[in-house]
Amino acid sequence: MEEFLVNARSDLIAARKDWLSTLGNERRLAALTLEAYERDTRQFFAFLTAHLGGAPAIADISDLRPADLRAFLAHRRQGGAGPRTLARALAAIRSFLRYLEKRGQASAAGAKALRAPKQPKSLPKPLSASDARKVVSADGQLAEEPWIAARNAAVLTLLYGCGLRISEALGLAGRDKDLGARLRIRGKGGKERLVPVLPAAAEAVADYARLCPWPLDPSEPLFRGARGGPLNPRLVARAMEGARLRLGLPATATPHALRHSFATHLLAAGGDLRAIQE
């Protein structure tokens, strides 16, 4: 990656270099997203230099408040940045602060408490088959723990590979961890339907179940949060958002768009419309 002048102290510059290297080499972040994250954090440090009255060090960002981050986003907005750019910039800063937090050098609480800018509403649009495969892959998940990356991939695979709603995927119990050829789903209005299960979906769920550190009791939720409780739907949306930003996909690439892609790709492959609707 091309080197740019960064307004920061040497300890912060070194930590940022290590973080970018980790994203590229270990997390396999897309090259374009890596460049965007480099640019976003460089602009953030430049803002902090003026905001704090001097080049920032790790100590200066170790406990950033939401007000500091809001000031940065407002500064970028005044410079013409749109909601998508601001959301990506916040995602970059959060990722960097989480990296420092894991090393015991900072707290990411302020960044976590700040909501991402609202995105313009638009109708869900199907992803290409290639993009959908990247989104649902475990390698496409930027998670600190391998089991969480596998969990996110499994949930997103069920949305795309089986056409499930988020509520339906998160409604699965431990007894469902060994998916057969068909899955009985209770959907809206209590209606039941049988859903064919692709081998890729069964493998994704099996990988998650193998790595999950929590006991998956038959009557308990299959998908768990980091502390062992039921997985919050917001975390699924956040995983999708992270994949979308890394792959440079539009804001319409949502969990619901994955389900829409499922139907669209089946139709394109010659599937029967009535059967897909049912």
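Let us start at a small landmark: just after helix α5, G104 takes a positive phi of about 75°. The model you are looking at is a predicted one, and this glycine is a handy place from which to step back into the helix before it.

Helix α5 covers residues 83-102. There are 20 residues in α5, and from the first C-alpha to the last the helix reaches 28 Å, close to the 28 Å expected at 1.5 Å a residue. Is α5 mostly enclosed or mostly open to the outside? Of its 20 residues, 14 are buried, so α5 is largely enclosed by the rest of the structure. Not every residue of the helix is hidden, though. P83, which is found in α5, has a relative accessibility of 35% and therefore counts as partly exposed. If you look from P83 towards L73, you will find the two C-alpha atoms 9.7 Å apart in space, with their positions 10 residues apart in sequence.

That glance towards L73 brings us to the partner of α5. Two packed helices are described by the angle between their axes and the distance between the axes. Here the pair is α4, made of residues 66-78, and α5; they pack at an angle of about 145°, and their axes are 10 Å apart. The crossing of these two helices is right-handed. Which residues make the contact? On the α4 side they are L69, F72, L73, R76 and R77, while α5 brings T85, L86, A89 and I93. Sorted by class, the contact of α4 with α5 has six nonpolar residues, two charged ones and one polar one.

One of the residues in that contact deserves a closer look. R76 sits in helix α4, and with a relative accessibility of 12% it counts as buried, because buried means under 20%. What does the side chain of R76 meet? It makes a polar contact with the side chain of Q43, at 2.7 Å. Setting aside residues up to four places away in sequence, R76 touches D40, Q43, A81, T85, L86 and A89. T85, L86 and A89 are the α5 residues we have just met in the helix contact.

D40 and Q43 point us to another part of the chain, helix α2, which spans residues 31-52. E38 also lies in α2, and at 5% relative accessibility E38 counts as buried. Where does E38 stand in relation to A92? The two are 54 residues apart in sequence, yet their C-alpha atoms are 8.3 Å apart in space.

Next, let us visit the beginning of the chain. A8 belongs to the segment before α1, the helix of residues 10-25. Its relative accessible area is 14%, so A8 is buried. Leaving out neighbours within four places in sequence, A8 is in contact with I13, F45, A55 and P56. From A8 to F44 the C-alpha distance is 10.0 Å, although 36 residues separate the two in sequence.

Further along we come to a strand. R186 is found in β1, which runs over residues 182-186. Is R186 buried or exposed? With a relative accessible area of 56%, R186 is exposed. Even so, R186 has partners: leaving aside neighbours within four places in sequence, R186 is in contact with E168, K191 and E192. The C-alpha atoms of R186 and G171, which are 15 residues apart along the chain, are separated by 8.8 Å.

Our last stop among the helices is α11, residues 233-247. At its start, a side-chain oxygen of N232 reaches to within 2.8 Å of the backbone nitrogen of R234. The 15 residues of α11 reach 21 Å from first C-alpha to last, close to the 21 Å expected at 1.5 Å a residue. The buried residues of α11 are V236, A239, M240, G242, A243, R244, L245 and R246. After α11 comes G248, whose phi is positive, near 70°.

Now for the whole chain. How many helices and strands does it have? The secondary structure comes to 13 helices and two strands. Of the 278 residues, 44% count as buried. Finally, among contacts between residues at least 6 apart in sequence, 65% join residues at least 24 apart.

Technical notes. Residues are numbered from 1 along each chain as its sequence is written. This is a predicted model: local features need pLDDT of at least 70, side-chain atom pairs count only at pLDDT 80 or more; totals for chains, interfaces and linings use all residues. Side-chain values use heavy atoms; hydrogens and water are left out. Axes are lines fitted to C-alpha atoms, for helices over the stretch in contact, and angles run from 0 to 180 degrees between N-to-C directions. Helices (H or I, at least four residues) and strands (E, at least two) are DSSP runs, numbered from the N terminus. A crossing is left-handed if the near helix is turned anticlockwise from the far one by less than a right angle, and right-handed if clockwise. Contact means heavy atoms within 4.5 Å. Ala, Val, Leu, Ile, Met, Phe, Trp, Tyr, Cys and Pro count as nonpolar, Asp, Glu, Lys and Arg as charged, and the others, Gly among them, as polar. The expected span of a helix is 1.5 Å times one less than its number of residues. Buried means under 20% relative accessible area, exposed over 50%, partly exposed in between (1.4 Å probe, protein chains only). A polar contact is a pair of N or O atoms within 3.5 Å; within protein, one must be able to donate a hydrogen and the other to accept it, and residues adjacent in sequence count only if both atoms are side-chain atoms.
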